[in-house]
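Student: I'd like to go through this one with you, packing and aromatic rings included. Can we take it question by question?

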Amino acid sequence: MNKNKTNWVAVLTMMFLFGMISFVTNLAAPIGVIWKQAPGIEGSNFWGMMGNMMNFLAYLFMGLPAGRLITKFGYKKSTLMGVGIGFFGVFIQFLSGKIGVGATLAGLPANFFVYLLGAFVCGFSVCILNTVVNPMLNLLGGGGNRGNQLVQIGGTFNSLMGTITPMLVGALIGTVTAQTQIADVNTVLFIAMGVFAATFVILTFVPFVEPEQATGADHKVKDLLKYPQLVFGVIAIFLYVGVEVGIPGTLNFYLTDTLGTANAATVAGFVAGTYWFLMLIGRFVSSFISGKVSSRAQ
């Protein structure tokens, strides 16, 4: 009885973390609208998307260490580390509205580099949390179709936060001008830090049964690349990130530039949020399919 209850608590916790991953990741694109208009950047989509770039670049450095963290410290401690790192990543982004404001570095706003550092640190956080959440939900579901189904349901929560985040940030920004600064979205950053802090405290006291981990040799990357399903999986997830993050991010930029209305950022945020909402519907439907059809067949 207690074991079942603990597993249910763990499932809900993982679902919530899935949402947090999306919330932190999807802050970058709407905030990039602000940086895109900053003096020295002035309309560059490349620099505007750099927050997303730094967020995902962190995966390259943290992917393997995140797996080793779980092996050494277990799922709960690794989750707490990820949440704690996420808090400091958002805090650094908040500091970008205080440090280096008005100064330039290499022809770009000096505080922009502070923001990029924060986005990079947040990338460490979401990489750790992704490494925990996906296998954990699969294990809690007992693997197979049921485990895959829980991952799909978690993806639905992920899309829910992906829907809300650009809408919320866009509403706070409203009209974007050269004078618009990251401090204008401090409310969202405070919410993010508050959620991270509350999650850290709650997880500290939540009963959490560690699943058994497979034991074996620590394989090198070149050994793992011998498995074709891994290679194709890497290619697939690379393309998927473009669909999931690249399209709504650039859509947000395009609409903000071309609408020509006083609340262009708000409208663009709601359109990007609608894109995520439609992905939410797809994932929700997929969760029913995944309970009956194997992932291989899908």
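Tutor: Sure, here is a short run of questions and answers on helices, cores and rings. Keep in mind that this is a predicted model, where local features need pLDDT of at least 70, side-chain atom pairs count only at pLDDT 80 or more, and totals for chains, interfaces and linings use all residues. Residues are numbered from 1 along each chain as its sequence is written, and side-chain values use heavy atoms, with hydrogens and water left out.

Student: Is T165 buried or exposed?

Tutor: T165 sits in helix α6, residues 144-173 (helices, H or I, of at least four residues and strands, E, of at least two are DSSP runs, numbered from the N terminus). Leaving aside neighbours within four places in sequence, T165 is in contact (heavy atoms within 4.5 Å) with F23, N26 and L27. Buried means under 20% relative accessible area, exposed over 50% and partly exposed in between, using a 1.4 Å probe and protein chains only. T165 has a relative accessible area of 0%, so the word is buried.

Student: Which helix gives the most to the largest nonpolar core?

Tutor: A nonpolar core is a set of buried Ala, Val, Leu, Ile, Met, Phe, Trp, Tyr and Cys residues joined through side-chain atoms within 4.5 Å. The largest has 51 residues, and I31, W35, F112, Y115 and L137 touch the most other members. Helices α1, α2, α4, α5, α6 and α7 each supply at least two residues. With 12 residues, the top contributor is α5.

Student: How do the rings of F112 and F113 pair up?

Tutor: Rings of Phe, Tyr and Trp (its six-membered ring) pair if their centres lie within 6.5 Å; planes under 30 degrees apart count as stacked, over 60 as edge-to-face and the rest as tilted. F112 counts as buried at 0% relative accessibility, while F113 is partly exposed at 30%. Both belong to one aromatic cluster with W35, F46, W47 and Y115. The centres of F112 and F113 are 6.2 Å apart and the planes are at 65 degrees, so the pair is edge-to-face.

Student: And what is the angle between the planes of F94 and F190?

Tutor: This pair links distant parts of the chain, with F94 in helix α4 and F190 in helix α7, 96 residues apart. F94 counts as buried at 14% relative accessibility, whereas F190 is partly exposed at 43%. The pair is tilted, with 5.3 Å centre to centre and a plane angle of 50 degrees.
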